[in-house]
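The following explanation goes through one protein chain, beginning with its cross-links and ending with the chain as a whole. Please keep the sequence and the structure in view while reading.

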Amino acid sequence: MNFESRKFFAGLGTASEPRRRRSPRSAVPLVLACIGVIAPTTLYAKQTPAQAIQSQVAEGLRLAVTAQAKVAEYFAYRGIAPADRIDAGLSAAPSDTIGKYVTALDISGGVITLTYGNQANAEIVGATLTLTPGRSADGSISWQCGLAPVPPGVMPLPGVGAGSTSVPNEYLPAPCGLSNAPSIPSQVNEGLGLAVAAQASVERYIKSHGTAPQDRSQAGLSPSPTDTVGNYVSGVDISGGVVNIAYGNFAAAPIAGMVLALTPYRSADGSITWQCGLAPAPVGLNPVGSIGNTTLDSQYLPAQCSAAGAAAIPKQVLEGLKLAAPIKLKVQNYIAKVGSAPANRAAIGLTPSAADTSGNYVSSVDVRGGGITITYGNRASSRIVGQSLGLTPWRNNGGDVVWQCGNSVVPTGTTLPNGSVPPITTFNDTYLPPNCQIGGVAPIDKDIQEGLRLARKLQATVEKIYKTQGMLANANSTNLGLPYPSDISGNYVQGIAVAAGALTITYGWGANVNLTARTLGLTPYVSPDGKLTWVCGNANIPTGFFSPIGGGLAATTVANEYLPINCRP
């Protein structure tokens, strides 16, 4: 909780200093949230004996709300904990605060002690539950409930007493027990639930103004992040459109003080897509405002918010190979033209900084002596952060460039171009594609089949166009909503282009070295009965077939020996 905490300590302490009293609003939401954990069980489900007693204990937490506010308020104006109920502004007698199951509420050195009795279960009659206030690093108030551990980073208030809870652990609500607290992922999910209203407010502001709100107030919410709290959430803030969920209060130690950021991205139709935590940014969309910074460790995040959950490590590695593909072509062209390897990125027309080529999981792609070094970072799994994957250019007897990936063997019959500097790969083979592993070569047939499989939907689309228009002049990537060949790609396929109905599959990235940068064409022809049929690769055109009006031809550069039987002459 934050009882105007940032204003507590500057010049605080003199009773004569005039101050405008503020109501410590955030004490109430936290305790009510604690009770909310129990309410669904008590109201809608058949209770176990332990749950029935927990609901009686929860009555004490409800009764303590006012006392918590009084203690926090006293500390705000005096800088120490109140000595007793009178100091806190309550009547002197603990028995003045009672309930159906509570016989007394006392305050001693800021510690609130609830005593159970009256109609309470015999298991807790005479037992006590204490709420102990502490001060966080930022000056805000955090409460330790019952047997729960002291929240991380929280220090005792000046003048605070020692609490003593005798209610058995099994009867304590989750935030007050030793081991009853929900798992960390469940605690994280509480934050996502609390953030829904803030996300809706951000979306409304963007729709009305076209830009992201700078803070909670601009989004139409109360200005204080601590006005949105829960059992495990200490605040929900908005900064540059980003919704920041801060964990604290009764949160587990590994996530206390950590932040989960939700970043809004806008699509072409104006709708908003949210990037959660360490997940990759939505493809093809632009952030509306700032980019969030999540400090929660990936292992505690839901799958949709986790880098590892969004993309397994091998897929993260493949991102680097994708980013390196156009750079490989530049290196190849340089070697073919100059006869030696380029010294650096600038030599092949790229910006000098390796960090200018980066992605969700790649922090940089550098060029030194023709060798390409892909370094992983940003949102990559901790297992590959800082690791590098090297791509080395070799020249065969015909002068063509053949690439060696990672730890794989040097291509047979090749030599290094002049000026070459082979890069270093620090990766464990476990995370590398087969063609980048020690002695590894990717299975060619598997690579080829991936391209044919990815092409099937495009073939079906081209066939529909021909059926409705009787021609293929307009059947191209742009008109199909795929302006870039890489819009359709895979583990071994760099992209598929469509031109006048003809499909060109380009292999790369993780493909077998004999397929890298090679193409497989699928060319449409019309059969004698008027149906559109496909000729794969270098296969012969069937007798009586002819090209459709406006139809194109797709070139195949994959050697015949690597093609499926139906794609060979």
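**Disulfides, core and overall make-up**

A search of the whole structure finds four disulfides. The model is a predicted one, and the distances and angles below are computed from its atoms. Counting the bonded cysteines along the protein chain, the disulfides follow the pattern 1-2, 3-4, 5-6, 7-8. Three of the pairs are described here in chain order.

One disulfide is formed by cysteine 145 and cysteine 176, with sulfur atoms 1.9 Å apart. The torsion about the S-S bond of this pair is about 80°, so the disulfide is right-handed. Cysteine 145 belongs to strand 4 (residues 141-145), while cysteine 176 sits in the loop between strand 5 (155-156) and helix 4; the pair therefore ties together parts that are 31 residues apart in sequence. Are these two cysteines buried or exposed? The cut-off for buried is under 20% relative accessible area. Cysteine 145 has a relative accessible area of 2%, so it is buried, and cysteine 176, at 1%, also counts as buried.

Another disulfide joins cysteine 276 and cysteine 305, again with the sulfur atoms 1.9 Å apart. Here the S-S torsion is about 85°, which means that the disulfide is right-handed. This pair links distant parts of the chain: cysteine 276 is in strand 9, and cysteine 305 is in the loop between strand 10 (286-287) and helix 5 (307-310), 29 residues apart. Cysteine 276 and cysteine 305 are both buried.

Further along, cysteine 536 is joined to cysteine 567, with an S to S distance of 1.9 Å. The torsion about their S-S bond is about 85°, so this disulfide is right-handed. Because cysteine 536 lies in strand 18 (residues 532-536) and cysteine 567 in the segment after strand 18, the pair ties together parts that are 31 residues apart in sequence. Cysteine 536 and cysteine 567 are both buried.

The nonpolar interior comes next. In soluble globular proteins, nonpolar side chains tend to be buried together. In this model the largest nonpolar core has 31 residues, and those touching the most other members are Val243, Ile245, Tyr247, Ile255, Leu260 and Leu262. Two or more residues of this core come from each of helix 4 (184-209), strand 6 (233-239), strand 7 (242-247), strand 8 (259-266) and strand 9 (272-276). Helix 4 gives the largest share, seven residues.

Which residues are in contact with valine 243, leaving aside its neighbours within four places in sequence? They are Ala195, Ala198, Gln199, Val202, Val236, Asp237, Ile238, Leu260, Ala261, Leu262 and Trp274.

Charge pairing is the next topic. Side chains of opposite charge can pair when their charged atoms come close. The structure holds one salt bridge. It is formed by aspartate 366 and arginine 368, whose closest N and O atoms are 3.4 Å apart. Arginine 368 has a relative accessible area of 46%, so it is classed as partly exposed.

Finally, the chain as a whole. The protein chain has seven helices and 18 strands. Of its 569 residues, 49% are buried. Among contacts with a separation of 6 or more, 52% are between residues 24 or more positions apart. The accessible surface of the chain comes to about 25400 Å², and 53% of this surface belongs to carbon and sulfur atoms.

Conventions:
Residues are numbered from 1 along each chain as its sequence is written. This is a predicted model: local features need pLDDT of at least 70, side-chain atom pairs count only at pLDDT 80 or more; totals for chains, interfaces and linings use all residues. Side-chain values use heavy atoms; hydrogens and water are left out. A nonpolar core is a set of buried Ala, Val, Leu, Ile, Met, Phe, Trp, Tyr and Cys residues joined through side-chain atoms within 4.5 Å. Buried means under 20% relative accessible area, exposed over 50%, partly exposed in between (1.4 Å probe, protein chains only). Helices (H or I, at least four residues) and strands (E, at least two) are DSSP runs, numbered from the N terminus. Contact means heavy atoms within 4.5 Å. A salt bridge is a side-chain nitrogen of Lys or Arg within 4 Å of a carboxyl oxygen of Asp or Glu. A disulfide is a pair of cysteine sulfur atoms within 2.5 Å. Accessible areas come from the Shrake-Rupley method with a 1.4 Å probe; for residues, only the protein chains shown count as cover.
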